[in-house]
Structures are given as structure tokens and as C-alpha cells.
Amino acid sequence: MRYKEMAASKGKPFPFKHAWAILQTFDKWKLRDQETAPKKSAMLRMDDSEDEEGERNLGKPEGTKKGKVRVKMEGEASSLREKMEQMMKAREELTTKTLETKLLITEKKKEVKLAQVEAKREEAKRKADLEERMIKVKEAKVWKELMVEEKEHMMMSKKDMDQEQLQWWKDYKEDIAERKRIFRGASSTLRGDTPMSCGGDGNVEDSTTGDNGGA
């Protein structure tokens with residue numbers, strides 16, 4: 001009956017009769033059974049009084065407990081903001097360091113690539129110098145062979161030669177001279193300086209007094 005008279009019951013029957021069958025013998029519940037059940041109107045008046053008290057306290061200083069709770073919440077909010085700011089700052093620093101690292105790696109790659117290009121250029125220059133030296137050696141060898149061939153031809157005795165042999169001798173001499181001119185022209189075109197340009201055309205004078213072989 002007390003439960004039904006309570007405003008919260010809304011007229012419904014008491015649902016915990018099995019528990020009440022055990023607890024009703026305890027002193028605590030005996031004392032509660034002697035209390036007057038609150039009326040619905042009284043409960044409503046209590047609710048109204050709490051609302052009025054809240055309106056009266058609006059704008060008044062907070063109590064010690066509420067003030068501590070508010071200060072604690074504000075402190076936690078401030079600490080949370082500081083942590084978020086620190087996290088954002090750390091993220092920005094990390095992003096900056098990552099970018100700097102990428103730029104440094106890019107610069108290092110450029111330096112390595114430039115070093116490789118320079119090394120290839122030096123290697124190409126070394127090969128070119130070696131080829132030029134080889135060409136000079138070959139030219140000197142060819143020139144020497146021409147000089148030897150010319151000397152041997154000019155040292156031939158024309159004393160016992162007939163007209164046909166003398167004509168051959170002259171033609172061969174002109175052929176050697178023509179090869180020397182061609183060789184000199186080709187060498188000067190390649191380098192502008194040849195072992196033959198030191199003077200004269202390299203001709204060896206005839207040791208005889210004339211083309212007819214007179215001594």
C-alpha cells in the first residue's frame with residue numbers, strides 16, 4: 001500500500017514481494033514501516049521547492065565542492081589543450097624534419113650524379129688523350145717508313161739503268177713524294193702540328209750527279 005501511494009509507482013503493484021518477505025523482519029525495515037508514507041502532493045511540493053532554490057541560487061557564488069569540481073574540470077580542459085598543442089607542434093616539427101631530410105637526400109643524389117658525370121667526362125678525356133697519343137705514334141711510324149723507303153730509293157744507283165728503268169725510278173720517286181704530301185696534309189688537318197713540319201719536305205738528295213747516273 002505504501003508503494004502504491006508513492007508518486008513513482010504510478011499505481012502499479014509492488015514488484016518485490018519476494019524480497020519483502022525476507023527483509024520485513026529486519027529492524028531497518030521495521031522502522032521504515034512505521035514512517036508515514038509521503039503523499040504525491042508533498043513530493044510535487046519538494047520538486048517545486050528544489051526548482052525555486054535553484055532559481056534563487058542562480059548568479060550566486062558556487063559552493064566549495066562545486067567550485068572545486070569546476071576548477072578541476074577547467075584544469076583538465078587546459079591540460080588537454082596544452083597536450084593537443086604539443087602534439088600539433090611535434091607533428092609540425094616532424095613534418096619539417098622529414099622535408100629537410102628529403103631535400104638533403106635529393107641534394108646528395110645530385111652531388112653523386114654530378115660526380116658520376118664528372119668521372120665519365122674525365123674518363124672520356126683520358127681515352128681521347130690515349131687515342132691521340134696512339135695516333136701520333138702510328139703517324140710517326142708511317143712517316144719513318146716513308147723516309148726509309150725514300151732514302152733507299154734515292155740511294156739506288158742509276159748508272160747502269162736504261163731509259164725505261166730511269167723512268168720507273170722517277171715515277172717511284174714522285175709516288176713517294178705524293179704520299180708524303182698526302183700524309184702531311186692529313187696530319188696537319190687532325191692536329192695542326194706534325195713531326196714532318198719541322199722543316200723541308202723530307203726529300204733525300206740524290207747522291208749521284210744527275211738522273212742519268214753520272215758519277
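This passage describes the fold, the contacts and the charged pairs of a protein chain in a predicted model.

The predicted model contains six helices and zero strands, and the order of elements, read from the N terminus, is accordingly α-α-α-α-α-α. Two of these helices recur throughout the description that follows, namely helix α5, which covers residues 64-154, and helix α6, which covers residues 163-190. Of the 215 residues that make up the protein, 11% are classed as buried. The accessible surface amounts to about 18,500 Å², and carbon and sulfur atoms account for 57% of that area. When contacts are restricted to residues at least 6 apart in sequence, 57% of them join residues that are at least 24 apart.

The end of helix α5 and what comes after it can be described through several residues. His-153 belongs to helix α5 and is counted as buried because its relative accessible area is 3%, a value under the 20% limit. With neighbours within four places in sequence set aside, the contacts of His-153 are with Trp-168, Trp-169, Tyr-172, Lys-173 and Ile-176. Met-161 is found in the loop that runs between α5 and α6, and this residue is likewise classed as buried, since its relative accessibility of 15% falls under 20%. Apart from residues up to four places away in sequence, Met-161 touches Met-156, Leu-166 and Trp-169. Trp-169 therefore appears in the contact lists of two buried residues, one of them being His-153 and the other Met-161. The ring of Trp-169 also has a charged residue placed over its face, namely Lys-158, which lies at 4.0 Å from the ring centre.

Aromatic pairing was examined across the whole structure, and the search returned three aromatic pairs. One of these is formed by Phe-14 and Phe-16, whose arrangement is edge-to-face, with 5.9 Å from centre to centre and 75° between the planes. Phe-14, at 31% relative accessibility, counts as partly exposed, and Phe-16, with a relative accessible area of 48%, is also placed in the partly exposed class.

Charged side chains form a further set of interactions. In general, side chains of opposite charge can pair when their charged atoms come close. A search of the whole structure identifies seven salt bridges, and the cases described below include pairs set within a single helix as well as a pair that joins two helices.

Within helix α5, Arg-126 forms a salt bridge with Glu-123, and the closest N and O atoms of this pair are 2.6 Å apart. The side chains of Arg-126 and Glu-123 are also recorded as joined by a polar contact of 2.6 Å. Because the two residues are three apart in helix α5, Arg-126 and Glu-123 are separated by about one helical turn. Both partners are partly exposed, with a relative accessibility of 45% for Arg-126 and of 32% for Glu-123.

A comparable spacing is found in helix α6, where Glu-178 and Arg-181 are three residues apart and are therefore separated by about one helical turn. These two residues form a salt bridge in which the closest N and O atoms are 2.6 Å apart. Glu-178 is partly exposed, with a relative accessible area of 36%, while Arg-181, at 47% relative accessibility, also counts as partly exposed.

A salt bridge between helices is provided by Arg-179 and Glu-149, whose side chains meet at 2.8 Å, taken from N to O. This pair links distant parts of the chain, with Arg-179 in helix α6 and Glu-149 in helix α5, 30 residues apart. Arg-179 is partly exposed at 30% relative accessibility, a value that lies between the limits of 20% and 50%. The pairing of Arg-179 with Glu-149 is also part of a wider arrangement, in that Glu-149, Asp-175 and Arg-179 are linked in a network of salt bridges.

Taken together, helices α5 and α6 are joined by the salt bridge between Glu-149 and Arg-179, while the loop between these helices holds the buried residue Met-161.

How values were computed: Residues numbered from 1 in each chain as written. Predicted model: local features only at pLDDT ≥ 70, side-chain atom pairs only at ≥ 80, totals over all residues. Heavy atoms only, no water. Helix = DSSP H or I, 4+ residues; strand = E, 2+ residues; numbered from the N terminus. Polar contact = N/O pair within 3.5 Å; in protein donor to acceptor, adjacent residues only side chain to side chain. Buried < 20%, exposed > 50% of the residue type's maximum accessible area, 1.4 Å probe, protein only. Contact = heavy atoms within 4.5 Å. Areas by Shrake-Rupley, 256 points an atom, 1.4 Å probe, with all protein chains shown as cover. Phe/Tyr/Trp six-rings, centres within 6.5 Å; stacked < 30°, edge-to-face > 60°. Lys NZ or Arg CZ within 6 Å of the ring centre and 35° of its normal. Salt bridge = Lys/Arg side-chain N within 4 Å of Asp/Glu carboxyl O.
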